[in-house]
Amino acid sequence: MIKLSSPSLGIDEYRAVERVLRSGQLVHGEECELFEQELARYLDCKEVIIVSSGTAALHLALVALGIGVGDAVLVPDFTFPATVNVVELVGARPILVDVDLHTYNITPENIQAAIDNWQGTEKVKAIMPVHEFGCPANMTEIMTIAKKHNLLVIEDAACGLGATHQGKKVGTFGQAGCFSFHPRKAITTGEGGAIVTNDAELAAKLRIWRNHGMRKAEQGIEFVLPGFNYRLTNFQAAMGRAQLVKFDGWLQVRSKLQQLYRQELAKTELLLPNELVGHAWQTFMVVLPQHVERSSVIARLKEMGIEASLGAQAVHCQPYYQQKYSEMCRMHQKNNAERLYIHGLALPHCQDYSIRDIQFVSQKIREILK
Ligand SMILES: *Cc1c(COP(=O)(O)O)cnc(C)c1O
């Protein structure tokens, strides 16, 4: 079976995890600090706070930035819904923004229109751009809009490790950027995530929120906030460190393989994603013609030993959001996000696949579409 993707784990990761297990220090130690420093160097930013998942990173960022009841947050309609769930969790109001059909990202035009058209009682407080599947969102223009309207920017870079916009790593443009180290993402620690920021004061707050709201005091510890336990373990951090040193090589392979897909699928009816400079290609998703039923394509690929699946969700199609925000969800009916949700097809894509694997998958897709 050619799986959608599988984490690249080998002797380096086994040794790293074993080293920590043998040390007996499982949480809160040197490995975590080193992983944070190495990520900061890789991303060229001041502060990295590693946490237990990408969702924890997003949640913590919103809490520490003081976003909550009475605030509205602009989020893409097409994403893994964790982006929007955290807005709900802090009691804020999500405003869904449609995405571009070729980058799958929110556009500055749609963000501006959503701000201009907002008539709710909540105050628009923040934008959460997602770098969907590793495609860098247009952060230059998004930051310009944010400045103009005095909005915070929290980048959901869960899929975006290694992606760049105009030479700068995504996740480092806004007040905070959030990454995920889930096995489906660029590098993995099992579960895991990170918040990055250039704001030292915010970083200090995030560290306290991450660790039960605890702070070192003259005598022992004291609790200054009602915090979470969103820490990562040392053996996970060690695994992440082992992966990070190999990551730039993986990025190059992933980019080559997507180019091959592009050549192999050029003459089909498929809509292919834009080949943006700085794309990290965490996922390679194509869009099927509207007359083709995706479930039958997925079933036929499975018979041929190939795993494929939907790419991400349209938030306005999910029951929780439809029930709570029926009017907003109706407004978004049949938009680009919905088309990508219904017709998007994520194909096997991973640094461990060969040219022959990609040619095989492409050939089978061409056969099915004929
Ligand atoms: C994966 C993902 C998340 C959630 O990350 P976890 O580590 O699984 O919690 C959030 N947002 C986006 C866009 C993602 O792709």
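Here is a short chat about the ligand site and one strand of a predicted model.

Biologist: Before we dig in, what should I know about the model and its numbering?

Modeller: It's predicted, so local features need pLDDT of at least 70, side-chain atom pairs count only at pLDDT 80 or more, and totals for chains, interfaces and linings use all residues. Side-chain values use heavy atoms, with hydrogens and water left out, and residues are numbered from 1 along each chain as its sequence is written.

Biologist: Which side-chain atom lies 2.7 Å from a nitrogen atom of the ligand?

Modeller: Polar contacts here are pairs of N or O atoms within 3.5 Å. G54 uses a backbone N or O atom, 2.8 Å from a ligand oxygen, and a side-chain N or O atom of K185 sits 3.1 Å from a ligand oxygen. The ligand nitrogen has its 2.7 Å partner in a polar side-chain atom of D156.

Biologist: Which element gives the largest share of the shell around the ligand?

Modeller: Elements are DSSP runs, with helices (H or I) of at least four residues and strands (E) of at least two. Two of them, α3 (54–64) and α4 (82–89), give two or more residues to the shell. The largest share, three residues, comes from α3.

Biologist: Is strand β2 enclosed or open, and how many of its residues are buried?

Modeller: Buried means under 20% relative accessible area (1.4 Å probe, protein chains only). On one side D71, V73 and V75 are buried, and on the other A72, L74 and P76 are too. β2 (residues 71–76) is largely enclosed by the rest of the structure, because the buried count is six of the six.

Definitions and conventions: A polar contact is a pair of N or O atoms within 3.5 Å; within protein, one must be able to donate a hydrogen and the other to accept it, and residues adjacent in sequence count only if both atoms are side-chain atoms. Buried means under 20% relative accessible area, exposed over 50%, partly exposed in between (1.4 Å probe, protein chains only).
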